[in-house]
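Me: Please take a close look at one part of this structure for me. I'd like a connected walk through it, starting from a single loop and working outwards.

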Amino acid sequence: MSKRIYLASPHMSKEGYEQKYVKEAFDTNWIAPLGENVNKFEEELANYVGAKYAAALSAGTAAIHMAFKALDVKKGDIVFCSDLTFSATANPIIYQNATPVFIDSEKETWNMDPKALEKAFEKYPNPKAVIVVHLYGVPAKIDEIKEICDKHNVPLVEDAAESLGATYKGKQTGTFGKYGIYSFNGNKIITTSGGGMLISDDEERIAKVRFWSTQSREKARHYEHKEIGYNYRMSNIVAGIGRGQLKVLDERLAQKKHIYDTYKEGLKDISDIEMAPVPKDSKPNFWLSVLTLKENSKVKPIDIMEALEKENIETRPVWKPMHMQPVFKDYDFIKVEGEPVSTELFENGVCLPSDTKMSDVEQNRVIEIIKNLWK
Ligand SMILES: *Cc1c(COP(=O)(O)O)cnc(C)c1O
């Protein structure tokens, strides 16, 4: 059996930057909890994306949770949430005892449909927040979404867990809303083995998030607590990996684009296949290359996934929409009309191997296996 080809696996720098920062932490015995790497990683990431402040946390999910807490999302509040996403976008709404309302996707970016969002505001005029995801690294229609949020005076949170490095009109995803979050989970474009970041231009709120994330310890000799705390801070070792990875982010962006372009070119003769959109005004980060099949294609997503799995090649369906998830069945879902776009994408999509360690030869094998299904 040939070597497994992955969807997206950790890819450390060939220069060994990550180990250098981790070694520094060892040498100074700043293993945990905080230290130079944490401060510097926050600063360097904020600089990269063009945000003022950042809080390094144990996961992207923790960052979403802290964004909602910082916005005082609580019991009785409604939060509008992208329907087509990973459940980690929505779970923190429940952690805060609030109520999600899921918003359908549109076809041009696969993300939150501004028209469905408008419709949601008609039904629920006073949500506490909106969280929009930039799925697979493709920026949402952020201008339109932001305009609607501003008009209703509702803060916007961007789940940019999958889209670090992607830009919309030259500006980084994550920096349009009141809060942005990134993930450094093992499968993301850069990884720290696990971790996340919350960014904002609000210095006071970011300081408050750092406080909550370190158990809400008041300044006192003894342990004094006036608020409920969380153990959500990133460790100094993990932040060292992040600093090293940040140095190769631009290289990874170029590699991910090359992978996408290679699929696009290699599969262009199969008229049943469409590659994920590259919307005008946007530079996706191409975290995963995703295709969809036309409804009447004789080859189905499962055929592609099975053919590749037989060759030890990993694939995945598109995220199953939140409104279809048993755990969220009691919550409302707003769409414009007809069959939900999110459902259609789930049923017709396949995430292709997009590992930056994959060689051109390996990727061409993947393409040939797919093309053979039409022979
Ligand atoms: C990965 C991911 C998250 C969660 O990030 P973690 O660091 O794994 O907690 C949130 N939202 C989306 C869309 C993701 O893909």
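Reply: Happy to. A word on the naming of elements to begin with: helices (H or I, at least four residues) and strands (E, at least two) are DSSP runs, numbered from the N terminus. What you see is a predicted model.

With that in hand, let's start at Thr356, which sits in the loop between β15 (349-352) and α12 (360-372). Is Thr356 buried or exposed? Its relative accessible area is 11%, and buried means under 20%, so Thr356 counts as buried. The side chain of Thr356 has a partner: a polar contact of 2.7 Å links it to the side chain of His11.

His11 leads us on to a second residue. The backbone oxygen of His11 lies 3.1 Å from a polar atom in the side chain of Arg252. Arg252 belongs to helix α9, which covers residues 249-266. Arg252 is charged by the usual grouping, yet its relative accessibility is 1%, so it counts as buried. His11 therefore appears in two contacts here, through its side chain to Thr356 and through its backbone oxygen to Arg252.

There is empty space in this neighbourhood too. Rolling a probe the size of a water molecule over the atoms shows where such space is left. The structure holds three cavities of 30 Å³ or more, and the largest cavity contains about 60 Å³ of space. Which residues come closest to the centre of the largest cavity? They are Ser9, His11, Lys188, Ile189 and Thr356, out of 14 that line it. Our starting residue and its partner are thus among them. The lining of the largest cavity is made up of four nonpolar, six polar and four charged residues.

Lys188 is the link to the ligand. Lys188 is one of the residues closest to the centre of the largest cavity, and an N or O atom in the side chain of Lys188 is also 3.4 Å from an oxygen atom of the ligand. Two acidic side chains join in: Glu162 has a side-chain N or O atom 2.6 Å from a ligand oxygen, while a polar side-chain atom of Asp159 lies 2.7 Å from a ligand nitrogen. How much of the ligand does the protein cover? Taken alone, the ligand exposes 380 Å², and the protein buries 93% of that. Around the ligand are 15 residues, of which Thr61, Asp159, Glu162, Ser183 and Lys188 come nearest. By type, the shell around the ligand has five nonpolar, seven polar and three charged residues.

Asp159 also takes us to another loop. The strand β5 spans residues 156-159, and Val154 is found in the loop between α6 (142-151) and β5. Val154 is buried, with a relative accessible area of 7%. The C-alpha atoms of Val154 and Ala59 are separated by 25 Å, with their positions 95 residues apart along the chain.

Now back to α9, the helix that holds Arg252. In the loop between α9 and β10 we meet Asp269. In contrast to the 1% of Arg252, the relative accessible area of Asp269 is 64%, so Asp269 is exposed. Asp269 and Gly194 are 75 residues apart in sequence and 39 Å apart in space, C-alpha to C-alpha.

Strand β10 brings us to the largest pocket, which holds about 400 Å³ of space. Of the 19 residues that line the largest pocket, Trp110, Glu274, Met275, Thr292 and Leu293 are closest to its centre. β10 (273-275), β12 (289-293) and α11 (341-348) are the elements that each give two or more residues to the lining, and the largest share, four residues, comes from α11. Sorted by type, the pocket lining has 10 nonpolar, two polar and seven charged residues.

Two asparagines deserve a last look for their backbones. Most residues other than glycine have a negative phi. Asn97 has a positive phi near 60°, and Asn312 has one of about 65°. Asn97 lies in the loop between α4 (91-95) and β3 (99-103) and is exposed, with a relative accessible area of 52%. Asn312 is in the loop between α10 (301-310) and β13 (316-317); at 17% relative accessibility, Asn312 counts as buried.

Note on methods: Residues are numbered from 1 along each chain as its sequence is written. This is a predicted model: local features need pLDDT of at least 70, side-chain atom pairs count only at pLDDT 80 or more; totals for chains, interfaces and linings use all residues. Side-chain values use heavy atoms; hydrogens and water are left out. A residue is near a molecule or strand if one of its heavy atoms lies within 4 Å of it. A polar contact is a pair of N or O atoms within 3.5 Å; within protein, one must be able to donate a hydrogen and the other to accept it, and residues adjacent in sequence count only if both atoms are side-chain atoms. Accessible areas come from the Shrake-Rupley method with a 1.4 Å probe; for residues, only the protein chains shown count as cover. On a 1 Å grid over the protein atoms alone, a cavity is a set of points where a 1.4 Å probe fits but cannot get out, and a pocket is an open set with protein on both sides within 12 Å along at least five of seven lines; lining residues have an atom within 4 Å of a point. Grid points are joined across faces, edges and corners, and a volume is the space filled by probe spheres set on the points. Buried means under 20% relative accessible area, exposed over 50%, partly exposed in between (1.4 Å probe, protein chains only).
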